[in-house]
Amino acid sequence: MNPNLKPVSLRAVVTIIALFVAIVTAIGVPAGYFYVAYSGEGQALQFKAQLKAGRLAKYIYANNNLWQYHTVRLTELIEAPEANDPEDQKRVYDASRKMLLEVGPSSYPALTRSAPIVINGTKVGDVEVSASAAPILKNTAIVAGLSCLLGFGMFFAVRVFPLRVLNRTLGALAVSQEALKDQNRRFDAALNNMSQGLIMFGADERVVVCNEQYIRMYDLDAAIVKPGCLLIDLLRHRTERGRLCRDPEAHRSEVLEKHAFGLPFTVIVEAAAGQQIAIANQPMAGGGWVATHEDITERRKAEATITHMALHDALTDLPNRSFFKEQMQLRLEHLARNEKFAVLCLDLDRFKNVNDTLGHPSGDKLLRLAADRMSACLGEGDTIARLGGDEFAVLQGNQQSPDETIALVERLIAAIETPFDLDGHQAIIGVSVGIAVAPTDATNSDQLLKSADMALYRAKAERRGTYRFFESEMDARMQARRTLELGLRKALRDSEFEVYYQPLINLLTEEIAGFEALVRWHHPERGLVPPLEFIPLAEDTMLIVPIGEWVLRQACKEAMNWPDDISVAVNLSPMQFKMPNLTQTVMSALAHSGLPPRRLELEITESVLLIGTDATLTTLHQLRSLGVRISMDDFGTGYSSLSYLRSFPFDKIKLDQSFVHNLEENEDSKAIIRAIGSLGASLGMTTTGEGVETQIELDYLKGQGFTEAQGYLFSRPGTAVDARALLAKRLPNARAVA
Ligand code: C2E
Ligand code: MG
Ligand code: MG
């Protein structure tokens, strides 16, 4: 029903009623009054006429003859004193309606009543009495006026006031209706903008409310799924649309069964292939329930992705360290008697070179390719993981004999040693492998990984591209290494280092050209520790950076005690080149000591150039532009020494002592010495032979044009005091002090 019609018709009805009441009041009251007054007056006149007619009859009966002419007597009889009606007009007629007598004033309008004069049953005449009707009419008019006023009042009372109240009520009703509409609109908006589908069922299993999202979610027909629709019809419709993966009747029974407990519950159902819906059911008071349907397909996928990401390495998509550890732990827990499994730690060799020279994208590609190749080597039950950087790990699920592990390792090594093609660049890398076997070597995952790691460390230390099984003594060595590291940190704090100096002899003048600064560690328990025992560890832990800086400052300071033509050579570790402030460090050491840059030589090994980045070369050029000289130390021990000579204009080549020792028996060494001698001469570089211990070695170097020599033949490295003493002698032939 249209709600607008209701107040309009009600208003009309009230108006009609009010009009009716007003009219009835205005007309009915005076009419009634008139009627009553008129009939009352009429009756009075009638009575008077009858009374007078009776009196005349009595007189006529007594004086029967010619009574018509007894006018005076008749008048007296009519005007009887008891009547007291002087205002009335009285007339007497004879039987023939001839007026015999008329008494009293006439009036208009008049009200007249008559009565017959009857004698012995015969009418002999009539008496008529008239009175003025004016008072009645006047009073009626007054009553009518008052009635009109009353009617008007009634109209107000019946129409205006109730309608005002009605309007007020209707107004309030309209406001609350509008508010209700607003609320409904908001409710609709909220319902239809929910991300979940919502459907409410009554106790009779019929839909009460259903939002658009529900219809959309299941691709349903809104003409079917609407208030009043039965649950079973809805489920059948969903089946038709392929949005219910089970029998509708069975589903309905299950839903009702669960609702029978009257408790909220949530179920996850597969609506269509791959579409996961979480349905939260909430029972309502008085039966029925509300169900919110949420499509959790994407959320589930995202959760799966997050779980995958948490357990896998993003670059290679291999399991990561934590996943790998879990796998190890699981395997350990389910290890049957006499069963064994192996854990392999793998570290790619020379991967850093590729990363540094070809860039990180190529490095990433290499890691992915390496991961693929290694995965292809695995057997059933084996797992591979990327632990980080270029470190991988393999779990060989079942190991019958060490040979099986060796076979797997060899497959892995061969796979990695096969050159990789990185967008046209060939990259040759290798892999070192450490192996630990459970439960022999360890019974928990951490220990197992640690043991494999120790074995890897050994493999790398001995020879790259190889493998080592864990041995218990490795653990002891690891312990020793850790103790050494702690000792090194303490040494730096407690100034346990000292710089020794070994002279470099100019072979033309046979005089001291300079000294090489070589660090020594005065260990509180072990005594003097040679650098080769602690420098690799210092490099691993980056402690070489502060140690190297200390040596540099110390050497520069000491050189200021020497004659102006004596230089000092300081060894720089590749790790120091990784620091962005190396040039500043050198400048600061020079500035603090006051040593002219020409007197400082910096010795670098090929491994510095292996870092190969532009930044390294820039640093080298900066250092050289300071006036500092750059020497290539241990020349010939690297992979492509000659090519490195091309990459930077070195001032000096120091041929590694391995070529100098026993050169008499080694023709190859002699050939190399010859080649370096002539190379140095043609490039104008100083050529230094290291580790010269015999006169034969010295003579051969001289013969091949070497310009400088260093070795025990001249002097072992000694303290600063020793160096000063040597210089003090300034003997033409330095050999005398050796
Ligand atoms: P290096 O720079 O090649 O230094 C020469 C090494 O050869 C020194 O060993 C020296 O004592 C030794 N040597 C000299 N003449 C002979 C000889 O006739 N026969 C034999 N067998 N050896 C001789 P040292 O002092 O043990 O140093 C070893 C290496 O440690 C150095 O090789 C250098 O690479 C490194 N090193 C030493 N001090 C430092 C330092 O302060 N910083 C850095 N980064 N490395 C240093
Ligand atoms: Mg050196
Ligand atoms: Mg050397």
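**Spacing of the magnesium donors**

I started with the magnesium ion (ligand 2) and how its donors are spread along the chain: they follow the spacing E-x54-N-x31-E-x29-D. Note to self: this is a predicted model.

Next I looked up which atoms those are. I found Glu-516 (OE), Asn-571 (OD1), Glu-603 (OE) and Asp-633 (OD) as the protein donors of ligand 2, at 2.0 to 2.1 Å from the ion. I then checked where Asn-571 and Asp-633 sit. Asn-571 is in strand β20 (residues 567-571) and Asp-633 is in strand β22 (residues 629-635), so this pair, 62 residues apart, links distant parts of the chain.

Buried or exposed, I wondered about Asp-633? I get 5% relative accessibility for Asp-633, and because the cut-off for buried is under 20%, Asp-633 counts as buried. Asn-571 comes out at 27%, which makes it partly exposed.

**The second magnesium**

I moved on to the magnesium ion (ligand 3). Its protein donors are Asp-633 (OD), Asp-634 (OD) and Glu-690, with Glu-690 (OE) listed twice, and they lie 1.9 to 2.7 Å from the ion. Along the chain I read the spacing D-D-x55-E for ligand 3.

Which residue bridges ligand 3 and ligand 2? I found that Asp-633 does, with the two magnesium ions 3.9 Å apart. I also looked at Asp-634: at 24% relative accessibility, this donor of ligand 3 counts as partly exposed.

**Helix α8**

I wanted to see whether the length of helix α8 (residues 321-333) adds up. With 13 residues at 1.5 Å a residue, I expect a span of 18 Å; the end C-alpha atoms are 18 Å apart, so the two agree.

Then I listed what is buried in α8: Phe-323, Phe-324, Met-328, Arg-331 and Leu-332. I noted that an arginine, Arg-331, is among these buried residues.

What do the buried residues of α8 pack against? I found two helices, α7 (297-311) and α12 (445-462). I also found the strands β10 (341-349), β11 (383-388), β12 (391-396) and β15 (430-438).

**A nonpolar patch**

Last, I went to the surface. Leu-19, Ile-23 and Ile-27 form a nonpolar patch there, and together they have about 290 Å² of accessible area. I placed Leu-19 in helix α1 (residues 5-62). Its relative accessible area is 41%, so I wrote Leu-19 down as partly exposed.

Key: Residues numbered from 1 in each chain as written. Chains lettered and ligands numbered in written order. Predicted model: local features only at pLDDT ≥ 70, side-chain atom pairs only at ≥ 80, totals over all residues. Heavy atoms only, no water. Donors = N, O, S within 2.8 Å, 3.2 Å for Na, K, Ca; no water. Helix = DSSP H or I, 4+ residues; strand = E, 2+ residues; numbered from the N terminus. Buried < 20%, exposed > 50% of the residue type's maximum accessible area, 1.4 Å probe, protein only. Patch = residues over 30% accessible without salt bridge, like charges linked within 9 Å, V, L, I, M, F, W, Y side chains within 5 Å. Areas by Shrake-Rupley, 256 points an atom, 1.4 Å probe, with all protein chains shown as cover. Salt bridge = Lys/Arg side-chain N within 4 Å of Asp/Glu carboxyl O. Expected span 1.5 Å × (residues − 1). Contact = heavy atoms within 4.5 Å.
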